[in-house]
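Please look over the model below before reading on. The paragraphs that follow take up its enclosed spaces and then a pair of helices.

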Amino acid sequence: MVRLHKVVPPNCADVFVKLEWENPTGSVKDRMAYAVISRAEEDGRLKPGDTVVEYTGGSTGASLALVCAAKGYRIKIVSSDAFSQEKLDQMAALGAELTLVQSEGGLTTKKLILDMIEVARGLSRQPHVYWTDQLNNQDSVVGYYSLGEEIWNQTKGEIGAFVHCVGTAASSRGVATVLKRYKPSIKIVAVEPGESSVLLGGQPGPHKIEGVGIGYTPPLWDPTLMDDILPVKTSDAKEMVRRLAREEGLFAGTSSGANVVAAVEVAKRLGPGAKVVTLMADSGLKYLNTDVYKTR
């Protein structure tokens, strides 16, 4: 966990970012992947010789592929051209068999997510298949309890707010569950794409913040744990992630930029002396050939 210095204006709370790209595949999703596979093994839903199936924008797929490679399971992933080539290549390198669903102009939309889910549902009907079904899998929430414990310990309990983007909602919910247990007054702030601000009651729309903003309220969303919701436009997220690289030396993905935009807003509200924590959810290495970083 490191403190941001240059992208946070004066007279704000301190903003800390937890570098989740330090996980084995370079993303926070390694935590949930290990949890959903291990817990399914323990209760017999996943058996030796079975095949794992999932729909994903890429980071979850890479994480599941890593765990499956280590444990000896075959894995089939449903993804899309809407997500970076680096993510698709990483999943394939770790042994995933990919099925790609065509997007509308490379954008994340509600229709794309639903189409991917239906393709995965079809694959899950084959024999000896375990569908991890991340949007509905409660095991993924448990996978983030360790992240909440680490944040609490690393801040020595001196945390005023936790800010994070919502995809499946599992990571925000898992972290919030732990932090609220320690100190109920901690503010939990959800972040969603400004172009698809459905959690605030807006209409779904296309956006380009990969891995978040599915266009409808995710089944794992628990509003009782959330204190606020902040929308962040794709353009603002991209600009912030470029600033993080150039000014802070932190090389992250687009959702991390959205996290920091929102965290700075929360830091302005809380003022000096408070501590705000957010996540660098994945590495910028997963986006080198996207318009976030590509220079030509």
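A cavity is, on a 1 Å grid over the protein atoms alone, a set of points where a 1.4 Å probe fits but cannot get out, and its lining residues have an atom within 4 Å of a point. The volume is the space filled by probe spheres set on the points, which are joined across faces, edges and corners. This is a predicted model, in which local features need pLDDT of at least 70 and side-chain atom pairs count only at pLDDT 80 or more, while totals for chains, interfaces and linings use all residues. Residues are numbered from 1 along each chain as its sequence is written, and side-chain values use heavy atoms, with hydrogens and water left out.

The second largest cavity has a volume of about 50 Å³, and among the residues that line it are Val166, Gly167, Glu192 and Tyr216. The largest cavity has a volume of about 440 Å³; of its 32 lining residues, Lys29, Thr60, Gly167, Gly211 and Val212 are the closest to its centre.

Turn now to helix α1 (residues 29–42) and helix α2 (residues 59–71), where helices are DSSP runs of H or I with at least four residues, numbered from the N terminus. Their axes, lines fitted to C-alpha atoms over the stretch in contact, with angles running from 0 to 180 degrees between N-to-C directions, come within 8 Å and cross at roughly 45 degrees. That makes α1 oblique to α2, a word for angles that are not under 35 degrees, over 145 or from 65 to 115. The contact (heavy atoms within 4.5 Å) includes Met32 and Val36 of α1 and Leu64 and Val67 of α2.

Note on methods. Helices (H or I, at least four residues) and strands (E, at least two) are DSSP runs, numbered from the N terminus. On a 1 Å grid over the protein atoms alone, a cavity is a set of points where a 1.4 Å probe fits but cannot get out, and a pocket is an open set with protein on both sides within 12 Å along at least five of seven lines; lining residues have an atom within 4 Å of a point.
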